Amino acid sequence: MLAGGVLLLVATFLISLSLGSVSIPLGDVAASILRLGETHGKWEAIVLQVRLPQSLAAIAAGAGLAVAGVAMQSILRNPLGSPFTLGISNAAAFGAAFSVMVLGTGVMHSSAADAISITKPGGTTSAAFIFSMLAAGVILAVARIRRSSPEVMVLTGVAMGSLFSAGTMFLQYFADDTQLAAMVFWTFGDLARAGWGELSLTGIITFAGLGYFYMNRWNYNALNAGDDTARSLGVPAGRIRLLGMAVASLMTAVIIAFVGIIGFVGLICPHMVRRFVGDDHRFLMPASALAGAILLLIADTAARIILAPQVLPVAILTSFTGAPLFLYLLIRGYTR
């Protein structure tokens with residue numbers, strides 16, 4: 001199934017480069033990527049400068065958010081754990097917005113095609129990481145005080161999400177018209193703004209995080225059996241939880257800082273693939289990464305062609321499709 005997922009990802013990737021307001025034959029897409037033969041200059045510019053970084057950003061963001069969701073569900077032993085439902089996405093968005101609008105690490109534009117340009121990605125990502133870790137720390141602290149009740153963790157995440165959403169609205173209230181329009185567009189979540197520089201940093205952090213979680217796959221299998229069982233097997237449960245939340249929050253912070261809030265990917269992908277590969281993290285983590293990348297690629301491609309030549313922010317489609325799908329999983333009892 002993992003091999004099939006890789007083949008499906010490659011096929012989806014090539015199709016995403018082919019479809020859009022202008023359809024490009026798959027042969028020309030492959031030739032543009034490999035720089036073989038004589039291709040039309042317009043096709044090569046569209047493929048290499050516009051669609052390729054956008055599709056690669058979809059793969060990195062989808063895989064990162066899905067694996068972060070798997071890790072949080074395991075760390076918190078909560079099927080509703082994800083960067084979106086626990087308020088960490090909202091915290092990272094507030095940190096990025098605060099950094100851009102107050103600390104001056106980015107420049108706002110009124111054009112929807114270039115609503116924000118990050119001039120200091122390190123500062124923006126650092127601010128997003130600090131606030132996302134603040135939200136994660138509060139969730140872990142409340143969970144420890146209330147003995148890790150799943151209901152308490154979810155309610156704490158809802159409170160954190162509301163708090164940081166209010167903070168973002170506070171910043172918007174004092175912004176001028178141009179900043180306000182750009183900020184609202186940025187929070188939608190859109191992969192089109194990810195250039196090669198942003199993609200490099202996002203890809204490095206995301207795939208380093210994927211490697212960390214896969215190296216600790218046995219530790220997360222032990223955590224699923226309970227802290228006492230994990231300690232009896234020599235797994236430092238507390239340290240694994242803290243490091244896992246830190247890495248998942250960093251991945252989320254980097255993704256949110258550059259592409260905005262994209263919901264439901266980290267929530268539904270782990271539950272979808274569990275029905276096929278089970279709870280063993282040796283297979284669950286790579287399968288979730290593939291599912292997240294494929295899902296976000298499909299959503300981004302659909303966002304380009306539904307109202308062509310207008311391009312919808314991909315977060316609109318992930319929310320429209322993710323909410324009904326998650327309700328279906330809840331009704332059928334597929335979340336556990």
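At what angle do helix α9 and helix α13 pack, and how far apart are their axes? In this predicted model, the angle between α9 (residues 217–224) and α13 (residues 281–305) is about 110°, and the axes lie 9 Å apart. Angles of 65 to 115 degrees count as roughly perpendicular, so α9 and α13 are roughly perpendicular to each other.

Now let's look at who touches whom. On the α9 side, the contact involves R217, W218, Y220, N221 and N224, which meet H281, R282 and M285 of α13. Sorted by class, the residues of this contact are 3 nonpolar, 3 polar and 2 charged.

Another pair of helices is worth a visit: α1 and α2. Their axes come within 9 Å and cross at roughly 100°, so α1 and α2 are also roughly perpendicular to each other. Here L14, I15, L17 and S18 from α1 meet L26, V29 and I33 from α2. The classes in this contact are 6 nonpolar, 1 polar and no charged residues.

Here are the two pairs together:

| Helix pair | Angle | Axes | Residue classes in the contact |
|---|---|---|---|
| α9 and α13 | about 110° | 9 Å apart | 3 nonpolar, 3 polar, 2 charged |
| α1 and α2 | roughly 100° | within 9 Å | 6 nonpolar, 1 polar, no charged |

Stay with α1 and α2 for a moment, and turn to the surface. Which residues form a nonpolar patch there? They are V6, V10, L14, I15, L26, I33 and L34, and together they have about 560 Å² of accessible area. Both α1 (2–18) and α2 (26–34) supply at least two residues of this patch. The biggest contribution comes from α1, with 4 residues; V6, for example, has its place in α1. You may recognise some of these names: L14 and I15 of α1, and L26 and I33 of α2, also take part in the contact between the two helices.

Finally, some charged partners. How many salt bridges does the structure hold? There are 4. One joins the side chains of D228 and R231, with 3.3 Å from N to O. These two residues are 3 residues apart in helix α10 (residues 227–232), so about one helical turn separates D228 from R231.

Conventions:
Residues numbered from 1 in each chain as written. Predicted model: local features only at pLDDT ≥ 70, side-chain atom pairs only at ≥ 80, totals over all residues. Heavy atoms only, no water. Axes fitted to C-alpha atoms, helices over the stretch in contact; angles between N-to-C directions. Parallel < 35°, antiparallel > 145°, perpendicular 65-115°, else oblique. Contact = heavy atoms within 4.5 Å. Nonpolar A, V, L, I, M, F, W, Y, C, P; charged D, E, K, R; others polar. Patch = residues over 30% accessible without salt bridge, like charges linked within 9 Å, V, L, I, M, F, W, Y side chains within 5 Å. Areas by Shrake-Rupley, 256 points an atom, 1.4 Å probe, with all protein chains shown as cover.
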